[in-house]
Amino acid sequence: MDMREPTQPGFAGRDALNAAFWDLGLRFQWDAATWGVLVQMETLEAQLGYYLSHWQPHLLSVYQPAFLARLVEARLGMAPNSRMGMEAMTRP
């Protein structure tokens, strides 16, 4: 099985998720071993919850998995070169 690709329809692949994390300023990347565990989960929220609790538990005091999932899904739905957040705003 190619661990870069999701097993469930509608899921983004590991490379797309890693790019979205980076674009959002989330400085973690899912390697093949981590993806092998997370790809078995049914939702991005479940993946993020598991990841944070096992590898970045300090972030759970700042982010809820549901919030991060919505943020990442919004980023994945945008054009690759588009910007999101405060840096996307321009002054007249």
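Contact, as used in these legends, means heavy atoms within 4.5 Å. The model shown is predicted.

**Figure 1. Overview of the helical chain.** The protein chain contains four helices and zero strands. Its elements follow the pattern α-α-α-α along the sequence. Of the 92 residues in the protein chain, 32% are buried. Among contacts between residues at least 6 apart in sequence, 44% join residues at least 24 apart.

**Figure 2. Close-up of helix α4 and its buried residues.** Helix α4 comprises twelve residues, 65-76. The distance from its first C-alpha to its last is 16 Å, close to the 16 Å expected at 1.5 Å a residue. Its buried residues are P65, L68, A69, V72 and R75. These residues lie on the same side of α4, because they cover an arc of only 130° around the axis. The buried residues of α4 pack against two helices, α1 (14-23) and α3 (44-55).

**Figure 3. Close-up of the packing between α1 and α4.** Two packed helices are described by the angle between their axes and by the distance between the axes. For α1 and α4, the angle is about 105° and the axes are 9 Å apart. Helix α1 is therefore roughly perpendicular to α4, since angles of 65 to 115 degrees count as such. On the α1 side, the contact is made by A16, L17, A20, F21 and D23. On the α4 side, V72, R75 and L76 take part. The residues of this contact divide into six nonpolar, no polar and two charged. Two of the participants from α4, V72 and R75, are also listed among the buried residues of that helix.

**Figure 4. Close-up of the buried face of α1.** The buried residues in α1 are R14, L17, N18, A20 and F21. Seen down the axis of α1, they fall within an arc of 160°, so they line one face of the helix. The elements covering these buried residues include α2 (32-38), α3 and α4. Among the buried residues of α1, L17, A20 and F21 also belong to the contact with α4. Helix α1 is followed by G25, which has a positive phi, near 85°.

**Figure 5. Close-up of N18 in helix α1.** N18 is placed in helix α1. With a relative accessibility of 8%, N18 counts as buried, because buried means under 20% relative accessible area. Apart from its neighbours within four places in sequence, N18 is in contact with F28, Q29 and W30. N18 and D31 are 13 residues apart along the chain, and their C-alpha atoms are separated by 9.0 Å.

**Figure 6. Close-up of L38 in helix α2.** L38 is found in helix α2. The relative accessibility of L38 is 0%, and L38 therefore counts as buried. Leaving aside neighbours within four places in sequence, L38 is in contact with W30, Q47, Y50 and Y51. For one of these partners, Y50, the separation from L38 is twelve residues in sequence and 7.6 Å in space, C-alpha to C-alpha. W30, a contact of L38, is also in contact with N18.

Methods
Residues are numbered from 1 along each chain as its sequence is written. This is a predicted model: local features need pLDDT of at least 70, side-chain atom pairs count only at pLDDT 80 or more; totals for chains, interfaces and linings use all residues. Side-chain values use heavy atoms; hydrogens and water are left out. The expected span of a helix is 1.5 Å times one less than its number of residues. Buried means under 20% relative accessible area, exposed over 50%, partly exposed in between (1.4 Å probe, protein chains only). The arc is that of the directions from the helix axis to the C-beta atoms. Axes are lines fitted to C-alpha atoms, for helices over the stretch in contact, and angles run from 0 to 180 degrees between N-to-C directions. Angles under 35 degrees count as roughly parallel, over 145 as roughly antiparallel, 65 to 115 as roughly perpendicular and the rest as oblique. Ala, Val, Leu, Ile, Met, Phe, Trp, Tyr, Cys and Pro count as nonpolar, Asp, Glu, Lys and Arg as charged, and the others, Gly among them, as polar.
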